[in-house]
Amino acid sequence: MHGDRQGQWTESDTRAFATLREQAVALLAEHLRASLTPVWKAFGADPEEAARADAEHHIDALQTALISGKAQSWLDYLLWLQQVLVSRGADASLLAQGLDQLQSLYAQQLPQPTLNPVNALLSDSMQVLHEEREAATEYGGTGPDAWAECIAFQQALLDGNHARSAALFEGALTPGRSQIAAAVHVIQPALYDIGRQWQRNTVSVTQERLATTIVEAVLAQTAGLGPAAAKNGRRIVLARAPGNHHALGLRIVADAFEMAGWETRLLYKPACAEALIPLLRELQPELLGISASLAPHLLTTRELLRQLREALGESMRPAILGGLAVNQYPEIARTTGGEVIATDADQLGPALADRGLAA
């Protein structure tokens, strides 16, 4: 019904589509602002800023599907967003109406060769929204297996109980269980499920943010509890993809490398070539790690790696990729120029060992 379309999108199509970006964002932002102001006010967000940000992400997600030829990333996003909005009282036809406005804009201004795949994807999108109105793409997909401690840990997070959360996490660190493994099998499934509950509007945004804050504190508290390998003289620079504002997963990855004996440099802002180029020249790390949370981040990663290779030439080090978007859309991730070596932090050791990079 809505399969992938490969080989129909060119660089000239990308340029033509980009010329209408500002018009498309403005059109969609006005549509969202007029419909969702009460929802955003309930979140404490400024409706104008929220409408603009959501419209930009909407167009980025659409462009990602067009460039990659992977329609599913866009359809997943739409179904996820529809449940988020409808669960908060929005009209179920809101997204389809916005897509119809975009389709009219593109029909008037895009050249026919570019318009054809855009029209096809938008038509599929409206059909899916109509036929699968009750469906939803769950946050985090299936995710890692949860250990027994996960349920109680998740409830402690939702209760805002820092002390109990810390005690439960430390209790999971039995012999043979590392802090990294516990982060993957206790923290990650708990936060994924909290994300799903937020999606369904059964958990508040305050609870979700407090849970993340508690997890960050718990990880800091337990950072020195497990045995660490001797320093191996290797370095890695870790950064979030441009536009990626989800930092927690990369913190866990940094801890995993530190435990394996690596020296890590973790950037606390989304990456840009201007900041990375001098840093990579100075540190000359063995690896560069990039984290992508959403499908559009894979395209920003591809452009970032292109810029780095152009500037650094043969001194450019291998880039490894991770994050939710990499796990959900590996076909798109493989087009970035980076290498996907592990699905989560707990698998980094064996994956690195296979490449002769372990401690």
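Contact here means heavy atoms within 4.5 Å, and a residue is called buried when its relative accessible area is under 20%. With that settled, the predicted model can be walked through one helix at a time.

Helix 6, which covers residues 112-131, is a good place to start. Its 20 residues reach 28 Å from the first C-alpha to the last, close to the 28 Å expected at 1.5 Å a residue. Quite a list of its residues is buried: T114, L115, P117, V118, L121, L122, D124, S125, M126, V128 and L129. What do these buried residues of helix 6 pack against? The partners are helix 1 (11-19), helix 3 (47-68), helix 4 (71-86) and helix 5 (94-109).

Two helix pairs come next. Packed helices of this sort are described by the angle between their axes and the distance between the axes. For helix 7 (residues 150-159) and helix 8 (residues 162-171), the axes come within 8 Å and cross at roughly 160 degrees. Angles over 145 degrees count as roughly antiparallel, so helix 7 is roughly antiparallel to helix 8. The crossing itself is left-handed. On the helix 7 side, the contact is made by A152, F153, A156 and L157, and helix 8 brings R164, S165, L168 and F169 to meet them. Sorted by class, the residues of this contact come out as six nonpolar, one polar and one charged.

Further along the chain, helix 12 (residues 273-283) pairs up with helix 13 (residues 295-312). Here the axes come within 10 Å and cross at roughly 45 degrees, which makes helix 12 oblique to helix 13. This crossing is right-handed. From helix 12, the residues involved are A273, L276, I277, L280 and R281, and they meet L304, Q307, L308, A311 and L312 of helix 13. The class tally for the contact of helix 12 with helix 13 is eight nonpolar, one polar and one charged.

Away from the helix pairs, L225 deserves a quick look. This leucine is found in the loop between helix 10 (205-221) and strand 1 (235-240). Is L225 buried or exposed? With a relative accessible area of 52%, L225 is exposed. Even so, L225 has some company: setting aside its neighbours within four places in sequence, L225 is in contact with E170 and L173. Of these, E170 falls within the span of helix 8 (residues 162-171). H58 is another matter, as L225 and H58 are 167 residues apart in sequence and 43 Å apart in space, C-alpha to C-alpha.

How values were computed
Residues numbered from 1 in each chain as written. Predicted model: local features only at pLDDT ≥ 70, side-chain atom pairs only at ≥ 80, totals over all residues. Heavy atoms only, no water. Axes fitted to C-alpha atoms, helices over the stretch in contact; angles between N-to-C directions. Helix = DSSP H or I, 4+ residues; strand = E, 2+ residues; numbered from the N terminus. Parallel < 35°, antiparallel > 145°, perpendicular 65-115°, else oblique. Left-handed = near helix turned anticlockwise from the far one by under 90°. Nonpolar A, V, L, I, M, F, W, Y, C, P; charged D, E, K, R; others polar. Expected span 1.5 Å × (residues − 1). Buried < 20%, exposed > 50% of the residue type's maximum accessible area, 1.4 Å probe, protein only.
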